[in-house]
Amino acid sequence: MSIDQASWSVADQEAGYALPPRFFYDEAVFEQEKAKIFFKSWHLVAHVNELREPGTFVTHQIFEQSVIVVAGRDGEIRAFHNVCQHRGNRLVESRRGKASMLTCGYHAWTYALDGCLRGAPNTQGVPGFNRPRMG
């Protein structure tokens with residue numbers, strides 16, 4: 001069942017009827033709620049005071065998605081998916097911390113605090129791989 005197929009109206013609410021039970025247990029309704037409501041909404045992850053120093057970070061779960069919010073060296077606060085673009089491994093496991101760079105524990109791909117890929121070991125032999133520029 002989709003949200004579009006569900007029937008419950010303002011008149012039902014005014015008459016004192018509760019939502020039909022399927023709104024509370026139907027996995028398809030929940031998936032649509034996640035996509036249409038929660039993944040499109042702002043989420044409070046941390047107070048700006050928690051991210052004052054460059055490299056301080058906070059991670060946050062939004063259902064099965066992990067995000068990392070990090071203070072850059074330029075003072076900007078940025079948010080990223082907490083995954084390595086190489087194999088999708090989680091970059092940071094801890095809830096809070098401080099790091100000079102974000103490094104994947106799987107193949108040691110390294111990201112700067114602005115999210116740019118800074119190092120990708122063992123990729124020099126990969127044809128067409130756009131190696132990160134250091135400096």
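This is a short tour of the strands in a predicted model, with a suggestion at each stop of what to select. Residues are numbered from 1 along each chain as its sequence is written, and side-chain values use heavy atoms, with hydrogens and water left out. Because the model is predicted, local features need pLDDT of at least 70 and side-chain atom pairs count only at pLDDT 80 or more, while totals for chains, interfaces and linings use all residues.

Begin by selecting residues 56-62, which are strand 1 (strands are DSSP runs of E, at least two residues, numbered from the N terminus). Five of its seven residues are buried, so strand 1 is largely enclosed by the rest of the structure; buried here means under 20% relative accessible area with a 1.4 Å probe, protein chains only.

Next, add residues 65-71, strand 2, which runs antiparallel to strand 1 and is joined to it by six bridges; two strands count as paired if DSSP finds at least two bridges between them. Look for Ile62, which stands opposite Gln65 in strand 2. The hairpin of these strands has two residues between them, and there Phe63 takes a positive phi near 55°.

Then select residues 96-98, strand 4, which pairs with strand 1 in the antiparallel sense over three bridges, with Gly97 of strand 4 as the bridge partner of Phe57.

Finally, turn to the open sheet of three strands in the order 5-6-7, where the pairing is antiparallel. Strand 5 (102-103) and strand 7 (117-119) stand at the edges with a single partner strand each, so one side of each is left without a neighbour in the sheet. Strand 5 pairs with strand 6 (residues 110-111) over two bridges, and Leu102 has Tyr111 in strand 6 as its bridge partner.

Note on methods
Helix = DSSP H or I, 4+ residues; strand = E, 2+ residues; numbered from the N terminus. Buried < 20%, exposed > 50% of the residue type's maximum accessible area, 1.4 Å probe, protein only.
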